[in-house]
Amino acid sequence: MKAENSRRVLIIRSSGFQHIDKVIVMVRQKFKSAEISILTHVHGKELAAKYGDVNVLVYPYKGNFSVMRPFKTVNYDAVVVPTGNVTGSGFLNVFMFALTIKAKERYICNIKTDFKSLTTWSVFRTAIKGGVISTASMFLAIPAAIVVFIIWHILGIRVIKKDKGKRKYG
Amino acid sequence: MIFEKPLVSVVMVSYNRKEDVWEGLVRLLNQKYTALEIIVVENGSDDGTAEMVRREFHTVRLISLHENTGVSAYNVGFKTACGKYILILDDDSFPEDGAIEKMVGKFEQDPLLGIAAFDVRDYYNYRETTGEISLKPRQEAVSAENYMMSFNGAGAGIRKEIIDITGGYPDEFFLYFNETDLALRVLNLGFKIEFFPDLVSYHKNSPSNRDSTRAPFYYTRNLFWVFWKNYPQSLMWANTFKLIYHCLYYSMEQRTGVYLKSLADAVGGLGHILKKRAPVKKEIAKNMRIHITSPFTMYR
């Protein structure tokens, strides 16, 4: 059996540092004496160093956390995904990414620093719902973008006429 | 031989946060750096902030506006600032002791440094996140390799000459993404924006307004405007399409009309935005790190 103080917790830096400041405090309370690591993009590396005893791991990609951009790590006892809102809406990519990291348990830590369990099933359900909404959104986005494109050009021509061709709008 | 310290203008915009403004001003006046000009632009508060500043801080320059003009109030303060450098603060943020002196040092060492971005920390975890406990204090800028970042308006230094050239924040934005808009124009001038972990400010960030539609509305609308004002055609259209898609997606997912309202308002202001359109270099737009989904992650 593993000793309590050998537990390893990984925090994925998916929200702003001001929220992470709070999350770190809560993680220290929830997982007492655990070894805490934080996974952040390169620009967050030095900023995360302020947490002192927290190991800083750098996600070696520019893009968002994604299953398409996996990160190899050791096994963790817990992975924590901070979300900048209450429900976790908009963080599906991070939830899916969190599933690719080997861990015994996974949690969401929301803006109010409430911990909620993150399971494969809950992520799967969110992903299915997201897939349906995504398809509908794609079909609707095309005509909406065309309308914006037309308005843009009508107004753009007016701006050019008003400025007597002096200003470029493109 | 005595060298004169360059004057730093601190510009703070206040709106109904009397106690926070009081604390911020007390902390500013306790800074070691004394060549300070503190400007408070009072954005039409009705909680007596202006009276408090006038009564208790005689050395602070107070500019009272009659209504809340949003980020436009910063521009009023910027215009009257006499300093070589400007420190931008929120009414609920303040710099750590010694941070202003360090900030001046960064600017004096690097003439291409346009904006010195602070590490803005959560005030309510002050003890846990103060620099003193950090085991690895760093003084060098954070490397963001091949991409560019904006900055946090709750703690950032900027050269006054840049404000004079760019005009400061976009008046029409009212709130949010104003930093990104300015950042793009600063980078386009050839200046750098760098984060310095040893420049620390504290911000009283509160999650209490998270159910409000104000933040998602302005964030979403202004992100359209950031793209429309500053991005070259191809990147602008790609990002516009993505953003429209996200507006639709999150409207359905979160069962809210706020994102569609933002889109409508963005389109409504398109005529004005087109007049201000000045695309930045493609490389800058391409490498600017903007989370296109961020407006949709702060509501519900």
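This is a short tour of chain B in a predicted model.

**Stop 1: the whole chain**

Select chain B. Chain B holds twelve helices and eight strands. Of its 300 residues, 61% count as buried. Look next at how the chain folds back on itself. Take the contacts in chain B between residues at least 6 apart in sequence: 82% of them join residues at least 24 apart.

**Stop 2: the strands β1, β2 and β3**

Select residues 36–43 of chain B, which form strand β2. Is strand β2 largely enclosed or not? Seven of its eight residues are buried, so the rest of the structure largely encloses β2(B).

Add residues 8–14 of chain B, strand β1. β1(B) and β2(B) pair in the parallel sense, over seven bridges. Find V13(B): V41(B) in β2(B) stands opposite. Now trace the chain between these two strands. The path leaves β1(B), runs through helix α1 (residues 18–29) of chain B and reaches β2(B). This β-α-β crossover is right-handed.

Next, add strand β3, residues 61–65 of chain B. β2(B) and β3(B) run parallel, and five bridges join them. Here I39(B) stands opposite R61(B) in β3(B). Helix α2 (residues 49–56) of chain B carries the chain from β2(B) to β3(B), and this β-α-β crossover is right-handed.

As you look along a strand, keep one rule in mind. In a regular strand, side chains alternate between the two faces of the sheet.

**Stop 3: the largest nonpolar core**

Select F224(B), F227(B), W228(B) and Y231(B). Within the largest nonpolar core, which has 75 residues, these four touch the most other members. Now show helix α9 (residues 233–253) of chain B, which gives the most to this core, with ten residues. Where does the core lie with respect to domain 1 and domain 2 of chain B? Both domain 1 (8–208) and domain 2 (211–297) give residues to the core, so it lies between them.

Zoom in on F227(B). Leaving out residues up to four places away in sequence, F227(B) touches M236(B), N239(B), L243(B), R277(B), I290(B) and I292(B).

Another core lies apart from the largest one. This other core has 29 residues, including L25(B), M52(B), I100(B) and V120(B). A general tendency fits this stop: in soluble globular proteins, nonpolar side chains tend to be buried together.

**Stop 4: a link to chain A**

Select D122(B), in strand β6 (residues 113–122) of chain B. Is D122(B) buried or exposed? D122(B) is buried, with a relative accessible area of 0%. Now show K22(A) as well. The side chains of D122(B) and K22(A) are joined by a polar contact of 3.3 Å.

Methods
Residues are numbered from 1 along each chain as its sequence is written. Chains are lettered from A and ligands numbered from 1 in the order in which they are written. This is a predicted model: local features need pLDDT of at least 70, side-chain atom pairs count only at pLDDT 80 or more; totals for chains, interfaces and linings use all residues. Side-chain values use heavy atoms; hydrogens and water are left out. A nonpolar core is a set of buried Ala, Val, Leu, Ile, Met, Phe, Trp, Tyr and Cys residues joined through side-chain atoms within 4.5 Å. Buried means under 20% relative accessible area, exposed over 50%, partly exposed in between (1.4 Å probe, protein chains only). Helices (H or I, at least four residues) and strands (E, at least two) are DSSP runs, numbered from the N terminus. Domain bounds come from an automatic or database domain assignment. Contact means heavy atoms within 4.5 Å. Two strands pair if DSSP finds at least two bridges between them. A crossover is right-handed if, with the strands pointing away from the viewer, the path from the first strand over the helix to the second runs clockwise. A polar contact is a pair of N or O atoms within 3.5 Å; within protein, one must be able to donate a hydrogen and the other to accept it, and residues adjacent in sequence count only if both atoms are side-chain atoms.
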